[in-house]
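Biologist: I keep reading labels for parts of a protein. Take me through a few, and tell me what each label rests on.

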Amino acid sequence: MKKIKTGIGTLLYKNISKGQLLGYSCANVIGLTVILCSVLFYCDSRHNLNKEDKFFSDDYIVITKKVKGINLEPVAFTQEEIEKISQQPWVKKLGGFASADFSVGASVDMGGKGMSTYLFLESVPDEFFDLLPQGWTFDEHNNYVPIVLNKDYLALYNFGFAIPQGLPQLSEDMIGTVPLKLIIRGENGRNAVFNASVVGFSSRLNTIAVPQNFMDWANSRFSDNNDKKTSRLIIKLDRLNSSGWEQFLADEGYEIAGDKEGDSKISNFLSLISGVVAANGVVICLLALFILILSIFLLLQKSRPMLRNLILLGFSPLQPSRYYEGIVLKLNSLITLFAVGLTFICRMIWTSPLGALGLGHGNVLFMLATALIYFILVSVLNIMVIRKHLWSIWLPKD
């Protein structure tokens, strides 16, 4: 029986066009490589090498209302405006900045030189922090307040204030060891002094942040103002519905704090590049798949008299079908392996540019899963086409 199967393979092999299979293989390797490169590039452009700065991991914007002329009353969002914004399709999460309704001062003693200044304090929900320090909470019984600063504030101190004042410049690690005193004076006549220290830095939040539970407790204790207003909102954008938010903010007259709009555009641009490249790869693979299906059809038509003769000899359609299916599976396996290998080689092209942005070396499992899914889908489709045509020869329509 083995010799008979071998003989069938020899007969069927004579009608196989090596040029058509080579053309299909080359086109498919190119198309699949383009698809896998786009997938891996997308993963790398979303993976941050610096764990403390999630620049590209999510898109966040901070918005405010415009200040026109001189405003004696605080410019803030109404509850109706907040609800309208939260209902937009591009809003994934929304949070408000809570500001202090009392006067805040800070004093520090460094190198025998005392320094004091007025401060502003704000709080935001913990889920909007890019880096949440350990122990980020307030306990009124221990009289200690942790603080998170924007990284730019430390740079302003080191290079704009410390040098002319003869004060020491501090690194991020050292500033956490400097003891601070927070002096709070409420309009209701209540005063208090708290120990404080800087426990972390943020690239996302342009503020001096304290824990939410401290802000709630302090406002209730040092202020009699029950009408709490929200002057700034932080929004996590939904990537799948991120279009249209710029136009909405422009129509409503809202402003974006800082340069987060540029960050979002860079992130969206990288996603667009990945999408365009992937689309081109899909087109190439579809054309290659069409070439193979056409080749299989022509091959079976060319082999039709021989296959008819095999019928008279009592052979089942599964025997020649398995021969062609084996060729297709081996071919698709080699194509997938070559494409994966070329993808890792191509990755070296963008590793350095993305590394300069603090990105790169994303998880390759998604890319490998894409290659496996492609192999399975294409192979199943090829097998279905082969069996359909063979059965049409075995059972011709009258």
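Modeller: Start with one cut-off: buried means under 20% relative accessible area. Keep in mind that this is a predicted model.

Biologist: What makes both faces of strand S11 covered?

Modeller: On one side sit Arg-232, Ile-234 and Lys-236, and on the other Leu-233, Ile-235 and Leu-237. All of these are buried. In a regular strand the side chains alternate between the two faces of the sheet.

Biologist: How many residues of S11 are buried?

Modeller: Six of its six, over residues 232–237. That is what "mostly covered" rests on.

Biologist: What makes Arg-232 buried?

Modeller: Its relative accessible area is 13%. The limit is under 20%, so Arg-232 counts as buried.

Biologist: Which partners does the Arg-232 side chain have?

Modeller: A polar contact of 2.5 Å joins it to the side chain of Glu-122. The Arg-232 side chain also reaches the backbone oxygen of Asn-206, at 3.4 Å. The cut-off for such a contact is 3.5 Å.

Biologist: How do you know that S1 pairs with S11?

Modeller: Pairing needs at least two bridges. Strand S1, residues 60–65, has five to S11, and the two run antiparallel. Tyr-60 stands opposite Lys-236.

Biologist: How many bridges join S2 to S11?

Modeller: Five again, and this pair is antiparallel too. S2 covers residues 91–96. Here Gly-96 stands opposite Leu-233 in S11.

Biologist: Now the cysteines. How many disulfides are found in the whole structure?

Modeller: Zero.

Biologist: Why is Cys-37 not bonded to Cys-346?

Modeller: Their sulfurs are 4.0 Å apart, and Cys-346 holds the closest cysteine sulfur to that of Cys-37. A disulfide needs sulfur atoms within 2.5 Å, so this pair is too far for a bond.

Biologist: Are Cys-37 and Cys-26 buried or partly exposed?

Modeller: Cys-37 has a relative accessible area of 10%, so the label is buried. Cys-26 has 41%. Partly exposed lies between 20% and 50%, so Cys-26 takes that label.

Biologist: On to helix H4. What makes its length close to the expected one?

Modeller: H4 runs over residues 151–165 and has 15 residues. At 1.5 Å a residue, 21 Å is expected. From its first C-alpha to its last, H4 reaches 21 Å.

Biologist: Where does H4 bend?

Modeller: At Tyr-157, by about 35°. Tyr-157 is also buried, as are Leu-154, Asn-158 and Ala-162 in H4.

Biologist: Why is Asn-150 called a cap?

Modeller: One of its side-chain oxygens lies 2.8 Å from the backbone nitrogen of Asp-152. The contact limit is 3.5 Å, so the pair qualifies. Asn-150 caps the N-terminal end of H4. Just after H4, Gly-166 takes a positive phi of about 70°.

Biologist: What is notable about the phi of Asn-143?

Modeller: Most residues other than glycine have a negative phi. Asn-143 has a positive one, about 60°, although it is not a glycine. Asn-143 lies in the loop between S6 and S7. Its relative accessible area is 29%, so Asn-143 is partly exposed.

Biologist: Last, the rings. How many aromatic pairs are found?

Modeller: A search of the whole structure finds 12. One of them is Phe-129 with Trp-136.

Biologist: Why is that pair called edge-to-face?

Modeller: The centres lie 5.4 Å apart, and the planes make 65°. The limits are within 6.5 Å and over 60 degrees, so the rings pair and the pair is edge-to-face. Phe-129 is at 7% relative accessibility, so it counts as buried. Trp-136, at 9%, is buried too.

Biologist: What makes Phe-138 and Phe-194 edge-to-face?

Modeller: Their centres are 6.1 Å apart and their planes are at 70°. Phe-138 lies in the loop between S6 and S7, and Phe-194 in strand S9, so the pair ties together parts 56 residues apart in sequence. Both are buried. Phe-138 and Phe-194 also belong to one aromatic cluster with Phe-102, Phe-214, Trp-217 and Phe-222.

Definitions and conventions:
Residues numbered from 1 in each chain as written. Predicted model: local features only at pLDDT ≥ 70, side-chain atom pairs only at ≥ 80, totals over all residues. Heavy atoms only, no water. Buried < 20%, exposed > 50% of the residue type's maximum accessible area, 1.4 Å probe, protein only. Helix = DSSP H or I, 4+ residues; strand = E, 2+ residues; numbered from the N terminus. Expected span 1.5 Å × (residues − 1). Bend = angle between axes of the 7 residues up to and from the residue. Polar contact = N/O pair within 3.5 Å; in protein donor to acceptor, adjacent residues only side chain to side chain. Phe/Tyr/Trp six-rings, centres within 6.5 Å; stacked < 30°, edge-to-face > 60°.
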